[in-house]
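User: I would like to go through this model with you, one topic at a time. Please keep the answers plain.

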Amino acid sequence: GSERLFARLRSMEDRLAVVTEVRGRGMLLAVGLSTDCSAEVVDACRQRGLLVNNVRPNAIRLMPPLNTTDDEIDRACDILEAAIVSATAVAAK
């Protein structure tokens, strides 16, 4: 679980310029962003059915249960990535 989540989030760091870092331990992880768009990302995630927290204007926290399945991790990461892309596209306009 936690290795898969970390790897999926790190892959976003490689593909999305706005994702600057992934940090944390186990299933408690944060995604750092290069712009102050975390509130917009949280809203976009919520609209897509994923609950995450904005711990700073430029950081998103994920706290999934320890028994989260690989399929749930994949779905959550897909939603988070879409939300980041959507929120940063809106912020850039």
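User: Which residue in S4 is the bridge partner of Asn54?

Analyst: The partner of Asn54 in S4 is Ile60. Please note that the model is a predicted one.

User: What is the bridge partner of Val31 in S4?

Analyst: Val31 is also bridged to Ile60 in S4. Ile60 therefore has Val31 as a bridge partner and Asn54 as another, and Ile60 is itself found in strand S4.

User: Is Ile60 buried or exposed?

Analyst: Ile60 is buried: the relative accessible area is 0%, and the cut-off for buried is under 20%.

User: What is the strand order in the sheet, and how do the strands pair?

Analyst: The sheet is open and has 4 strands in the order S1-S2-S4-S3, with antiparallel pairing. Strands S1 (19-25) and S3 (53-56) are at the edges; each has a single partner strand, so one side of each lacks a neighbour in the sheet. From one strand to the next, the twist averages 30°.

User: How many bridges join S1 and S2?

Analyst: S1 pairs with strand S2 (residues 28-33) over 6 bridges, in the antiparallel sense. One example is Glu21, whose bridge partner in S2 is Gly32.

User: And how many for S2 with S4, and for S3 with S4?

Analyst: S2 and S4 pair over 4 bridges. For S3 and strand S4 (residues 59-62) there are 3 bridges. Both pairings are in the antiparallel sense. Within S3 and S4, Asn53 stands opposite Arg61.

User: How many residues separate the two strands in the S3 and S4 hairpin?

Analyst: There are 2 residues between S3 and S4 in that hairpin. S1 and S2 likewise form a hairpin with 2 residues between them.

User: Which residue in the turn of the S1 and S2 hairpin has a positive phi?

Analyst: That residue is Gly26, with a phi of about 55°. Gly26 lies in the loop between S1 and S2 and is partly exposed, at a relative accessible area of 41%. The C-alpha atom of Gly26 is 7.7 Å from that of Glu3, although the two residues are 23 apart along the chain.

User: Let us move to the helices. Which residues of H2 are buried?

Analyst: In helix H2 (residues 38-47), the buried residues are Ser38, Val41, Val42, Ala44 and Cys45. They span an arc of only 165° around the axis, so they lie on the same side of H2.

User: What is the phi of Gly49, just after H2?

Analyst: Gly49 takes a positive phi of about 95°. In addition, Gly49 and Ile60 are 11 residues apart in sequence, with a C-alpha to C-alpha distance of 16 Å.

User: Now the pockets. How much space lies in the largest pocket?

Analyst: The largest pocket holds about 220 Å³ of space. It is lined by 14 residues, of which Leu50, Pro64, Thr68, Glu72 and Ala76 are the closest to its centre.

User: Which helix gives the largest share of that lining?

Analyst: Helix H3 (residues 70-92) does, with 5 residues.

User: How do the lining residues divide into nonpolar, polar and charged?

Analyst: The lining of the largest pocket has 11 nonpolar residues, 1 polar residue and 2 charged residues.

Technical notes: Residues are numbered from 1 along each chain as its sequence is written. This is a predicted model: local features need pLDDT of at least 70, side-chain atom pairs count only at pLDDT 80 or more; totals for chains, interfaces and linings use all residues. Side-chain values use heavy atoms; hydrogens and water are left out. On a 1 Å grid over the protein atoms alone, a cavity is a set of points where a 1.4 Å probe fits but cannot get out, and a pocket is an open set with protein on both sides within 12 Å along at least five of seven lines; lining residues have an atom within 4 Å of a point. Grid points are joined across faces, edges and corners, and a volume is the space filled by probe spheres set on the points. Ala, Val, Leu, Ile, Met, Phe, Trp, Tyr, Cys and Pro count as nonpolar, Asp, Glu, Lys and Arg as charged, and the others, Gly among them, as polar. Buried means under 20% relative accessible area, exposed over 50%, partly exposed in between (1.4 Å probe, protein chains only). The arc is that of the directions from the helix axis to the C-beta atoms. Two strands pair if DSSP finds at least two bridges between them. Axes are lines fitted to C-alpha atoms, for helices over the stretch in contact, and angles run from 0 to 180 degrees between N-to-C directions.
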